[in-house]
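Hi everyone, thanks for coming. I'd like to walk you through a structure that is new to most of us, so please have a look at it with me.

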Amino acid sequence: QANLVESGGGSVQAGGSLRVSCVHRWNYDCLGWVRQVAGKEREGVAAIATVGGDQYYADSVKGRFAISHDKNENTVYLQMDNLKPEDTAMYYCAADHFRCFARNWQTQFEVWGQGIQVNVSS
């Protein structure tokens with residue numbers, strides 16, 4: 001059984017919205033979403049501390065994306081609004097047993113989901 005299982009995603013036109021979800025099997029201190037376009041480096045999109053709820057966002061998505069965590073459902077969400085074609089990527093749910101690092105959260109994750117595709121057309 002996978003530790004992180006993503007759902008949601010799909011295709012939408014620019015300006016639209018999508019939500020991706022990730023059920024985590026174990027408890028983690030930091031949960032997040034990382035995206036990758038084929039041939040490019042991974043980009044940390046957002047992270048949330050499961051204790052305290054501090055949130056972190058990449059500059060490219062601030063004001064458009066929102067991460068949240070439902071402790072009762074063991075689910076982390078990424079609400080994506082005002083999507084742009086450059087948001088097209090494979091989105092991975094990610095987790096770390098350590099607290100989110102304010103300066104390095106984008107590269108700290110140690111557990112990964114399988115990924116889910118998000119396509120935004122112009």
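Before I point at anything, one bit of vocabulary: when I say strand, I mean a DSSP run of E with at least two residues, and the strands are numbered from the N terminus. Also please keep in mind that this is a predicted model.

With that naming in hand, let's go to a loop. Asn74 is found in the loop between S7 and S8. What is the sign of phi at Asn74, which is not a glycine? It is positive, at about 50°. For background, most residues other than glycine have a negative phi. As for its surroundings, Asn74 counts as partly exposed because its relative accessibility is 22%, and the buried class is under 20%.

There is another asparagine to show you. Asn82, in the loop between S8 and S9, has a positive phi of about 50° and is not a glycine either. Asn82 is partly exposed too, with a relative accessible area of 42%.

Now the strands themselves. Strands of a sheet pair through backbone hydrogen bonds, either parallel or antiparallel. Here we have an open sheet of 4 strands, in the order S1-S3-S8-S7, and the pairing is antiparallel. Which strands stand at the edges? Those are S1, residues 4-8, and S7, residues 65-70. Each of them has a single partner strand, so one side of each has no neighbour in the sheet. On average, neighbouring strands of this sheet are turned by 20° against each other, direction ignored.

If you want to find one of these pairings on your screen, try S1 with S3, which covers residues 18-24. The two are antiparallel, with 5 bridges, and Gly8 stands opposite Val20 in S3.

Next, please find strand S9, residues 89-96. Is S9 mostly covered or mostly open? Mostly covered: 7 of its 8 residues are buried. S9 also has several antiparallel partners. With S4, residues 30-36, it shares 7 bridges, and there Gly32 stands opposite Ala94. With S11, residues 116-121, there are 3 bridges, and Tyr91 has Ile116 as its bridge partner. With S10, residues 111-112, there are 2 bridges, and Ala95 is matched with Val111.

Let's stay around S9 and S10 and look at aromatic rings. A pair of aromatic rings is described by the distance of the centres and the angle of the planes. The count for this model comes to 3 aromatic pairs. In one of them, Tyr92 and Trp112, the ring centres are 6.5 Å apart and the planes stand at 85°, so the pair is edge-to-face. This pair links distant parts of the chain, since Tyr92 belongs to S9 and Trp112 to S10, 20 residues apart. Tyr92 counts as buried, at 15% relative accessibility, whereas Trp112 is partly exposed, at 31%.

Trp112 has another ring beside it in the list of pairs: Phe109. Their centres are 6.3 Å apart with 75° between the planes, again edge-to-face. Phe109 is buried, with a relative accessible area of 8%. Taken together, Tyr92, Phe109 and Trp112 form one aromatic cluster.

And where does Arg42 come in? Its charged end sits over the ring of Tyr92, 5.2 Å from the centre. Arg42 also lies over the face of Trp112, at 4.1 Å from the ring centre.

Last stop: the interior. In soluble globular proteins, nonpolar side chains tend to be buried together. The largest nonpolar core in this model has 28 residues, and those with the most contacts inside it are Trp33, Leu78, Met80 and Tyr91. S3, S4, S5, S7, S8, S9 and S11 each supply at least two residues of this core. Which strand gives the largest share? That would be S9, with 4 residues.

Tyr91 is a nice residue to click on. Leaving aside residues up to four places away in sequence, Tyr91 touches, among others, Glu6, Trp33, Val45, Phe65, Leu78, Met80 and Val118. There is also a second, separate core of 9 residues, which includes Val34, Ala49, Tyr56 and Phe109.

That's my tour. Thanks for listening!

Key. Residues are numbered from 1 along each chain as its sequence is written. This is a predicted model: local features need pLDDT of at least 70, side-chain atom pairs count only at pLDDT 80 or more; totals for chains, interfaces and linings use all residues. Side-chain values use heavy atoms; hydrogens and water are left out. Two strands pair if DSSP finds at least two bridges between them. Axes are lines fitted to C-alpha atoms, for helices over the stretch in contact, and angles run from 0 to 180 degrees between N-to-C directions. Buried means under 20% relative accessible area, exposed over 50%, partly exposed in between (1.4 Å probe, protein chains only). Rings of Phe, Tyr and Trp (its six-membered ring) pair if their centres lie within 6.5 Å; planes under 30 degrees apart count as stacked, over 60 as edge-to-face and the rest as tilted. A charge sits over a ring if NZ of Lys or CZ of Arg is within 6 Å of the ring centre and within 35 degrees of the ring normal. A nonpolar core is a set of buried Ala, Val, Leu, Ile, Met, Phe, Trp, Tyr and Cys residues joined through side-chain atoms within 4.5 Å. Contact means heavy atoms within 4.5 Å.
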